[in-house]
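I opened a fresh notebook page today. Here is the structure I looked at, so you can follow along.

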Amino acid sequence: MKNKTPGYRRKEIIWSLLFIAPPILGFLIFSLTPLITSFGLSFMSWDMFTPAKFTGTENFQYMFADEKFYKSLFNTVFLLLGVPIGMMISMMLAILMNRSLKGISIFRTIYYIPVISPIIAVSLLWQWLLNFDYGIINEFIWNIFGIQGPNWLGDSNWVKPSFIIMGLWGGVGGNMVLYLAGLQGIPSSYYEAAQVDGASRWHQFKHITLPLLSPIHFYVVVMGVIGTFQSFSQMYILAADGGPEYSGATIVYYIFQEAFKYFNMGYASAVAWVLGILIFILTLFQFRISKRWVYQD
Amino acid sequence: MFRKGKWVSLSLTMVLSFMLVLSGCNSGNNSNESNTADSKTDTKTDTQTEATNATPDKDAKSVIEFMGWGGDSEKAVFEKLIASYMKKYPNKKVKYTVVPPAEYYQKLDTLIAAKKTPDVFYAGGAHFNKLVSSGVLLNLESQLSSSEMVDTNNVWKQGLDRYRYDGTTVGKGDLYGLPKDVGPWAFAYNKDLFDKAGLPYPSAKAGEYTWDQMIADAKKITTTNERGKIDTFGVAAYSLESAVWANGGDWVDPASGKITIDTPEFAEAMQFVADLSLVNKVSPSPDDEKAQNGYTRFVAGKVAMFPMGPWDQPGFWDLPFQWDIAAWPASPNTGKTATWLGSLGFVVSKNTEYPEDSFALASYLSLDKDSQKENYVLGQAVPNLIDMAKGEFMEVDKAPKTRQVFIDIIEDYGRPPIEVSSKNTKWLDTFSQDASQVWNGKKTAAEFVKEEQPKLQKLYDENNK
């Protein structure tokens, strides 16, 4: 039974291997190798020129005593506020867009456009919108309320809220599409049955829509948390030096600075691994508690 | 919900999240352009006879890789210089690569790590010190003394000494680079605004114009618009280095490695700069700067006094108002003034295949008469050659009129930028980030420097020993 593989079968195997080779090779070269290398580097001191020196856990000790590490970690955690807010807004948008109106697809497209816009262009756009003196947002606040708006990107208390607002604008469209798909997957018979039983609109939403969207909620939370932990580009453009009093620096920004400004590759790898483990634990935790609230049919 | 699939998906999550974190940090460096300009020289030029004594083996063929940074104007200047170099030495080819300034050191360090170091490239400041300490650069001392192209007596010592380094002190030890330029950070002023306010121009002689006079003049020039906001400022982006040094303070004592920001002289100078906007209201506040920076305001004719380097000249030549440069205002406590003298250098890789030719290219770009002339005519720099800087450069019929100020800074009161004393600038970056508390008035300079000193000392010790 195992002595002969027929010729046509062997040919198929070779072909199939050839087909999966590019992604596997890509993964090995561009993901697995750096992964292993950076793990090794996180226990070394390396400036890219002189040979790496093994330093044991020195990088980690330094990290836990480093003020900037905590600051950037705090900033990143603060940005997580954007995740629940974004969920609410995108769900509301999805409900609004889930109607058979004429031209509804145009509206859906409008809300989706920020998602496909390049982040650098979006950041530069917001830099103008948020300008203290000439920005359209402060101009608007002045005209409507007659008060001077905050110095969005120049005040250490307002930098992070600015990033959250920017993130919402850029992110709700993508989640809206997910929610839309979720909404359309709910059979209308549930609503009809509820109506027969006399349930109000609110009750229908609370007891049918919300629970049946829970797999979407779950997905959005998990991806939102991971995405927030990895945010970098906006900060790189809008707070190039870390923002006032380092209030705009995220942890990935901190890694980038250490790696490509000060060339502490070993230390940067160590921080990257801590970040990776942190994300892993958070995601694991979310999977654990998901059993309690995610409805699976 | 899933039994076996659970661990698969969990480990997949982990791998994916690590992958994104770890691979998210590479920036696309594909925006640089490299171009090889082939030398199609006609063989019967007289340059060959002229160049006989220039390089030892002038007929040997070589290809040199040269990497620099800069915008379009700098690129154009160097393409021109390299073309004329290759015309002079038809067998020497130069491959020139330009990288955007922000990505330059990232690209350079990656090339060095990959053992593909360019033969000749730019380096300066703290990065130069680090490259020497790491053994990346070729020691140019012996070539300097044997070369006939270089007359060290005719080069600014202040520029050349910036590229001597013995591992601890800049200015001592052997030579590892040649200056690309010397960049005196000068004090420019808008003549029209001074005329309008009926004020005499600030003096070009060091020590004559003081902080107090500057504040008094700036107050007369500063005007507000109908909305109550300041429209024209007396001064912007006043150099903290100038203030601190003029007042007798400094950031660090290079001999002992002690951070000295907690001295009264330092605090007083820092407070003076902060008070320009906080108390005297003659300079844009951090908020104003964020909305529109000092450079934009000066160019728009809305700032009377503003710092500039020689490289700003081409941009300022087109301005619709008259301007000139003066000496930096002196501290009333010492009667002295100071500012920084920047410099960038050409360095040679230790692993270059053609050390002589690389040195020849570096010295051509740094010190050749034609190339230096080209440079100053285009408003890029003050010439590295002393006779040229004091001679024809002074006669140029373009602003600034008082070019002597540039020379005074080089010869007299210019100092190396702060970072020149370190290999790693983390401590200095931290200082600038934290200093915003003083600029916005949350803390006084005296409080701030007391708190900041231990923090900076720790960072300095960690990275510069």
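My entries below cover how the two chains meet and then the nonpolar cores.

**Entry 1, the model.** I noted at the start that this is a predicted model.

**Entry 2, the interface.** I looked up how chain A and chain B meet, and found 49 residues of chain A in contact with 46 residues of chain B. Together the two chains bury about 4,400 Å², and 61% of that lies on carbon and sulfur atoms. Which three residues of chain A supply more of its buried area than any other three? They are Phe49(A), Glu245(A) and Tyr262(A), with 16% of the area that chain A buries against chain B.

**Entry 3, polar and charged pairs.** I counted 4 salt bridges between chain A and chain B. One that I looked up joins Glu258(A) to Lys426(B), with the closest N and O atoms 2.5 Å apart. I also found 9 residue pairs in polar contact across this interface, both residues at pLDDT 80 or more.

**Entry 4, the side of chain A that touches chain B.** Several helices each give at least two residues to this side, among them helix 1 (7-41) and helix 13 (251-260) of chain A. Helix 14 of chain A has the largest share, 13 residues. By type, I sorted this side into 25 nonpolar, 13 polar and 11 charged residues.

**Entry 5, the cores.** The largest nonpolar core has 147 residues, and those with the most contacts inside it include Phe69(A), Phe66(B) and Phe128(B). I followed up Phe128(B): leaving out residues up to four places away in sequence, its partners include Leu137(B), Arg162(B) and Val347(B). A second, separate core of 50 residues includes Trp245(B) and Phe272(B).

How values were computed: Residues numbered from 1 in each chain as written. Chains lettered and ligands numbered in written order. Predicted model: local features only at pLDDT ≥ 70, side-chain atom pairs only at ≥ 80, totals over all residues. Heavy atoms only, no water. Core = buried A, V, L, I, M, F, W, Y, C linked by side-chain atoms within 4.5 Å. Buried < 20%, exposed > 50% of the residue type's maximum accessible area, 1.4 Å probe, protein only. Contact = heavy atoms within 4.5 Å. Buried area = accessible area lost by both parts, 1.4 Å probe. Salt bridge = Lys/Arg side-chain N within 4 Å of Asp/Glu carboxyl O. Polar contact = N/O pair within 3.5 Å; in protein donor to acceptor, adjacent residues only side chain to side chain. Nonpolar A, V, L, I, M, F, W, Y, C, P; charged D, E, K, R; others polar.
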